Amino acid sequence: MKNRRLLLEHVEVPGIEGIEVYVKNGGYAALQKAVKKMSPEEVVEEVKKSGLRGRGGAGFPTGMKWSFLAKPEGVPRYLVCNADESEPGTFKDRYLMEKLPHLLIEGMILSSFALGANQSYIYIRGEFMYVLNILEKAIAEAYAKGYLGKNILGSGYDLDLVVTPGGGAYICGEETALLESLEGKRGNPRIKPPFPAVKGLWGCPTVVNNVESIAAVVPIVRDGGDAYAAIGIGRSTGTKLISACGNLARPGVYEIDLGISVEEFIYGDDYCRGIANGKQLKACVPGGSSVPILPHFLVTKTATGEDRLMTYESLAEGGFASGSMLGSGGFIIFDEDQCIVRNTWNFARFYAHESCGQCSPCREGTGWMEKVLSRIEHGQGHMHDIDLLADINKKIEGNTICPLGDAAAWPVAAAIHHFREEFEWHIKHPSEAQTRNYGLIQQPVVA
Amino acid sequence: MVKVTIDGIEVEVEPGTSILNAARKIGGDAVPPAMCYYSKLPGTGGKCRTCLVEVAAGSTADPRPMPKLVASCSTPVQDGMVVNNKTSERVHNNRGGVVEFLLANHPLDCPICDQAGECHLQDLGYEHGSAKTRYEEERRTFDPIDIGNKIKLHMNRCILCYRCVFVANQLTENRVHGVMHRGEHAEISTFIEQAVENDFSGNMIDVCPVGALTDRTFRFKSRVWFLKPMDAERSCSKCCGKAVVWMFGNDIYRVTARKDKFGEVEDIDGKTAWLCNDCRFEHKSANDWNIAGPRLINRHSVISQGKYATSIEKPVKRIG
């Protein structure tokens with residue numbers, strides 16, 4: 001199928017979560033190939049060749065991240081899988097782990113092998129307890145088959161894999177907060193430098209990768225990095241899981257080839273099949289709640305009139321003025337009935353709740369923004385609040401310890417930038433704003 | 001040794017020194033304010049963001065500027081680094097923003113706060129804050145609690161610098177307090193109403209930059225600027241016994257550690273002169289101490305500096 005190519009190829013096979021069916025469908029072939037025919041360096045080389053970029057949101061090249069890992073003698077190295085997926089709108093990792101636990105485990109073994117880690121962790125969000133049970137069952141099966149433990153497949157390579165649940169904090173998806181939490185401490189992000197590649201878990205060199213990035217290592221090793229790089233456009237190679245939600249006719253998790261057009265993704269028969277109930281598109285958040293929102297006239301076309309594609313570069317085209325980001329692939333669609341002010345408040349409330357409270361701009365700033373937005377939404381806003389919000393944003397952005405501050409500031413900044421008239425309407429018509437929504441904003445003429 | 005230029009002044013420091021400590025070596029206006037960093041408590045810093053500076057050139061090898069402002073307390077210097085602190089408009093703006101955030105939920109109760117006159121946030125607000133607040137929302141409030149019979153915790157005033165947590169971790173036998181909850185609701189608290197009771201807990205009061213942790217034996221007894229600080233000493237088996245006693249006439253009102261010009265507890269004979277609770281709370285008679293003489297203190301604070309009336313040309317004066 002067109003929207004199930006590499007990772008989700010066998011997702012609908014009954015019993016694929018069990019090891020027998022998984023192996024029958026070509027599972028653990030990449031592992032056999034790697035430990036028997038390849039050296040760890042060759043695996044890293046394939047990942048570099050593939051051009052795989054971190055699927056957690058930042059899009060940093062995975063191969064490069066791996067090559068930064070310090071390798072001092074006599075010090076253990078760790079691989080940690082970040083399965084603390086909690087960004088509003090993103091649910092691709094949960095789907096992958098729930099349906100294909102062995103794909104993640106195979107990816108973990110391959111990646112640990114490449115990095116020379118003998119102990120690896122999957123840090124899973126506390127709310128995903130049922131997924132944890134699925135993974136633990138799968139890990140037990142992998143141990144029984146000799147894919148994990150001592151002397152994997154007779155190669156002499158040992159690996160232990162442990163799943164650890166978090167306490168249910170969004171901030172623990174930040175890699176250094178994740179490591180703190182994994183060490184049993186309060187999940188506060190660490191002050192960087194030093195970076196985890198030098199001083200991570202228990203003070204040892206550590207790589208933290210997203211679930212999808214690690215799963216993508218399986219097809220990369222199986223088919224070669226070049227085959228993976230052949231999919232996609234430019235520096236956006238391979239396939240990407242997109243969790244589409246909101247007012248779509250067919251929301252869900254799709255595996256797309258990077259480079260298809262946004263228009264095809266929203267309206268295509270293979271994908272989301274358009275906006276639900278025949279409504280019109282109003283806005284789109286293409287990469288999870290922390291990326292800038294796009295008004296309808298910038299979703300399928302860029303500001304210069306070119307087709308917008310599902311790639312890291314094309315979605316970012318135009319910077320913060322008219323672009324957004326691919327982020328983690330949490331694709332949220334708003335139809336004409338949705339209220340941008342209410343949605344922005346909802347996002348702000350999330351970040352205010354999830355801020356760790358360690359550094360002052362984020363702790364006080366996110367709470368302040370939430371309160372101002374709540375006032376506007378509930379008919380108590382003033383005109384000067386809009387500029388105040390914009391100013392608070394500027395004072396948070398870039399001044400915090402970790403990217404949560406930026407993630408909290410961007411959606412508010414972009415909503416004000418693109419939907420200022422809707423905010424003004426809310427403030428001018430407080431009682432009307434309680435009973436009806438503003439509707440579509442005027443589409444400017446695109447030259 | 002590496003060379004670094006801060007606000008146009010060159011200084012040579014050991015490799016690995018933070019920008020803030022390099023600036024402290026220069027002194028004067030080049031020093032960024034620090035609310036959470038405490039050089040005597042390893043691991044502190046990076047949290048308050050008041051010490052943000054602009055790095056105009058990363059190093060001689062890589063002279064590109066750093067895109068974001070960096071926390072000077074936790075960023076090590078590189079050879080050839082060029083840093084702008086006082087001279088940068090961007091730093092000034094963003095520091096003003098941080099001060100605004102710190103004051104957003106901070107009560108403006110300086111007239112009844114024991115810290116007034118020696119409060120770092122008061123100084124910071126004076127230098128970087130605006131006269132009027134833009135914060136119209138309801139402020140976050142907590143009830144003041146007693147943590148032990150000697151220390152009062154006024155959480156409303158806390159800026160979550162984490163210094164007192166580091167004191168408990170590094171100076172006392174076990175830590176029974178810490179930060180609870182998240183984000184705006186984060187608070188310093190003890191483990192289920194446990195009292196903080198150990199010989200060195202009083203140092204939490206000394207490191208607190210604001211009036212969140214105050215001395216219950218001194219609360220509401222006097223404003224600090226009415227008292228004369230005197231260097232004093234007694235022989236103590238637990239600590240160095242070198243302190244400052246704050247006197248009015250022949251009465252000792254309170255005892256604190258000796259602090260340097262950055263408001264940090266001084267090193268005496270190569271060791272940080274932390275005080276034990278016995279010296280701090282139990283010896284309030286002039287007979288208990290050998291009083292050496294008036295303490296030379298840096299009158300850095302808003303009120304003691306007399307900024308309202310006199311010039312600030314001579315910040316260091318002998319009091320008493």
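Two residues are taken to be in contact here when their C-beta atoms, placed from the backbone, lie within 7 Å. Keep that in mind for helix α3 of chain B, whose buried residues pack against α2 (89-104) of chain B. This is a predicted model, and α3(B), covering residues 120-128, is a handy place to start looking around. The helix is mostly covered, with 7 of its 9 residues buried. Those buried positions are a mixed bag: Leu121(B) and Leu124(B) are on the list, and so are His120(B), Gln122(B), Asp123(B), Gly125(B) and His128(B).

How far should you trust chain B in general? Its pLDDT averages 88, and 92% of the residues reach at least 70. Element by element, strand β5 (residues 81-84) of chain B has the highest mean pLDDT, at 95, while strand β18 (residues 316-318) of chain B has the lowest, at 52. Then there's the stretch at residues 305-315 of chain B, where pLDDT stays under 50 and the model has 9 contacts beyond four places in sequence. Where pLDDT is low, the predicted coordinates should not be read in detail.

Now swing over to chain A, which is built from 18 helices and 11 strands. Its C-alpha trace spans about 70 × 45 × 35 Å along the principal axes. The radius of gyration is 22 Å, which agrees with the value near 22 Å that a compact globule of 447 residues would have. Of those 447 residues, 57% count as buried. Among contacts in chain A with a separation of 6 or more, 71% join residues 24 or more positions apart.

On to the inside. In soluble globular proteins, nonpolar side chains tend to be buried together. Here the largest nonpolar core has 222 residues, and Val80(A), Leu104(A), Leu110(A) and Val245(B) have the most contacts inside it. Helix α17 (residues 404-428) of chain A gives the most to this core, with 12 residues. Zoom in on Leu104(A): leaving aside neighbours within four places in sequence, it is in contact with Leu96(A), Met97(A), Val211(A), Ile214(A) and Ala215(A).

Finally, see how the two chains meet. The predictor gives the complex an ipTM of 0.89 and a pTM of 0.90. The contact takes 24 residues from chain A and 26 residues from chain B. On the chain A side, α14 (340-354), α15 (360-377) and α16 (384-396) each supply at least two residues, and α15(A) gives the most, with 9 residues. By class, that side of chain A has 8 nonpolar, 10 polar and 6 charged residues.

Note on methods
Residues are numbered from 1 along each chain as its sequence is written. Chains are lettered from A and ligands numbered from 1 in the order in which they are written. This is a predicted model: local features need pLDDT of at least 70, side-chain atom pairs count only at pLDDT 80 or more; totals for chains, interfaces and linings use all residues. A nonpolar core is a set of buried Ala, Val, Leu, Ile, Met, Phe, Trp, Tyr and Cys residues joined through C-beta atoms within 7 Å. A residue is buried if 20 or more other C-beta atoms lie within 10 Å of its own, exposed if 12 or fewer, and partly exposed in between; C-beta atoms are placed from the backbone. Helices (H or I, at least four residues) and strands (E, at least two) are DSSP runs, numbered from the N terminus. pLDDT is the predictor's confidence in each residue, from 0 to 100. Ala, Val, Leu, Ile, Met, Phe, Trp, Tyr, Cys and Pro count as nonpolar, Asp, Glu, Lys and Arg as charged, and the others, Gly among them, as polar. The radius of gyration is taken over C-alpha atoms; the globule rule is 2.2 Å times the number of residues to the power 0.38.
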